[in-house]
Amino acid sequence: MDKLAPTEIRYPYAIVRACSELPYLSPFVAMPDGFLRVVLKIVQKINLRNPFSEIFASRKTLADEAGKSLDTVHRSIQWLEQNNLIERERKARAGLRGSRSPLVPTKSLLLALGLVDERGVPVEPKKAAKAAPAGMDDGQLTTSSSNGPELTPSSTTSAKEEGAYTRIGAVCLPTDLIWLCSKGLSPFAVLGLMKRARTASQRLSDVVHAAKKYLENLKANQLYAYLQTLLTSGRDFSAPYREEAKKDEEKREKSYLLEKAEIYEGRRFTSRKTGKVYQVESGVIRETVNGQSRVTPFNRAFLEALEAGKLVQHN
């Protein structure tokens, strides 16, 4: 996915989390993919202290920020409004001609994004994590609380999983690396290894996954030293998983298309340009022209044509 915003803009954690989870939330399953960037830009403008307050971003601003056309922005907003995720109220502009129609997030939207509770009360933003003590090397190996948060059975149990990350004390680590802490590494030591892996153009998760059977019998200093040696070996640990990642991506794409095909099952569309009629049935697209028809698998190109407004749905 493209970046949600320029790197110099820093959004509150609750907004970042909401944006990362949004495509997978039930209210957005049927949302056309072309609307996603526009919707994310709207979510990024929600005021966490008063989430029901109006969003005054102009349609042109949303179009420029999302890299989409004004028509796509209008259709995105209409979709949100039709699905009770935003409300619009036209207001006269004092002393000026015309009117304005700010967007107002609904409780349904804010509840789905986890920004308010069932009562509509804003969820308290998480406090910023404390910085590492001055003078500490983020790759330093520590096992006691004097040099970093000590991992204890209670802290492991209460560590809150946040998507693909788990918080331990003041540190958020990829969930698949948490077990390194149970072997005697402090969270800061794991962060240091992650930094060394990036320097070596590697992912620590790939290295650990590839060598896990050799790591399981090591503890603390031995584990840290062995991982350092692997990271400086020059070996490409990501190579064995490229094919696996490709297969996983193909599976996700197939599952996604099947899900979309179910949503559009039985619907008929007409091409604005050619007049061809398309009907979705049993996971395929039946194309009819001049009384003749042919069948093609449900595909991404069909969805892109829908999002671009090139196909008109029959009522």
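In this predicted model, helix α2 contributes a long list of buried residues: Leu 36, Val 38, Val 39, Leu 40, Lys 41, Ile 42, Val 43 and Gln 44. Put as a count, eight of the nine residues of α2 (residues 36-44) are buried, and the helix is mostly covered. The cover over these buried residues includes helices α1 (13-21), α3 and α4, together with strand β4 (103-105). Seen from the side of α1, the buried residues are Ala 14, Ile 15, Arg 17, Ala 18 and Cys 19, and they pack against α2.

Two of the helices that help to cover α2 also meet each other. The axes of α3 (residues 59-66) and α4 (residues 70-82) cross at roughly 110° and come within 9 Å, which means that α3 is roughly perpendicular to α4. On the α3 side, Arg 59, Lys 60, Leu 62 and Ala 63 make the contact, and on the α4 side Leu 70, Val 73, His 74 and Ile 77 do so. By character, the residues of this contact comprise five nonpolar, one polar and two charged.

Helix α4 also holds a salt bridge between Arg 75 and Asp 71. The closest N and O atoms of this pair are 3.0 Å apart, and because the two residues are four apart in the helix, about one helical turn separates them. Asp 71 is partly exposed, at 44% relative accessibility.

Across the whole structure, twelve salt bridges are found. Side chains of opposite charge can pair when their charged atoms come close. Arg 119 and Asp 117 form one such bridge, at 2.9 Å from N to O. Arg 119 is exposed, with 68% relative accessible area, whereas Asp 117 is partly exposed at 22%. Another bridge joins the side chains of Lys 276 and Glu 287, with an N to O distance of 3.2 Å. Lys 276 sits in the loop between β8 (268-271) and β9, and Glu 287 in strand β10, so this pair ties together parts that are eleven residues apart in sequence. Lys 276 is partly exposed at 25%, while Glu 287 is buried at 8%. Salt bridges with shared partners also join Asp 33, Glu 253 and Arg 300 into one network.

Disulfides present a simpler picture: a search of the whole structure finds zero. As for the cysteines, Cys 19 is buried at 3% relative accessibility, and Cys 172 is partly exposed at 27%.

Further along the chain, Leu 193 belongs to helix α8 (residues 187-199) and is buried, with a relative accessibility of 0%. Beyond its neighbours within four places in sequence, Leu 193 is in contact with Leu 185, Leu 204, Tyr 224, Leu 227, Gln 228 and Leu 231. One of these partners, Leu 204, is eleven residues from Leu 193 in sequence, and their C-alpha atoms are 7.0 Å apart.

Finally, two residues other than glycine adopt positive phi values. Ala 220, with phi of about 45°, is placed in helix α10 (residues 220-231) and is partly exposed at 22% relative accessible area. Ser 282 has a phi near 55° and lies in the loop between β9 (277-281) and β10 (284-289). Its relative accessible area is 69%, so Ser 282 counts as exposed.

How values were computed:
Residues numbered from 1 in each chain as written. Predicted model: local features only at pLDDT ≥ 70, side-chain atom pairs only at ≥ 80, totals over all residues. Heavy atoms only, no water. Disulfide = S-S within 2.5 Å. Buried < 20%, exposed > 50% of the residue type's maximum accessible area, 1.4 Å probe, protein only. Axes fitted to C-alpha atoms, helices over the stretch in contact; angles between N-to-C directions. Parallel < 35°, antiparallel > 145°, perpendicular 65-115°, else oblique. Contact = heavy atoms within 4.5 Å. Nonpolar A, V, L, I, M, F, W, Y, C, P; charged D, E, K, R; others polar. Salt bridge = Lys/Arg side-chain N within 4 Å of Asp/Glu carboxyl O.
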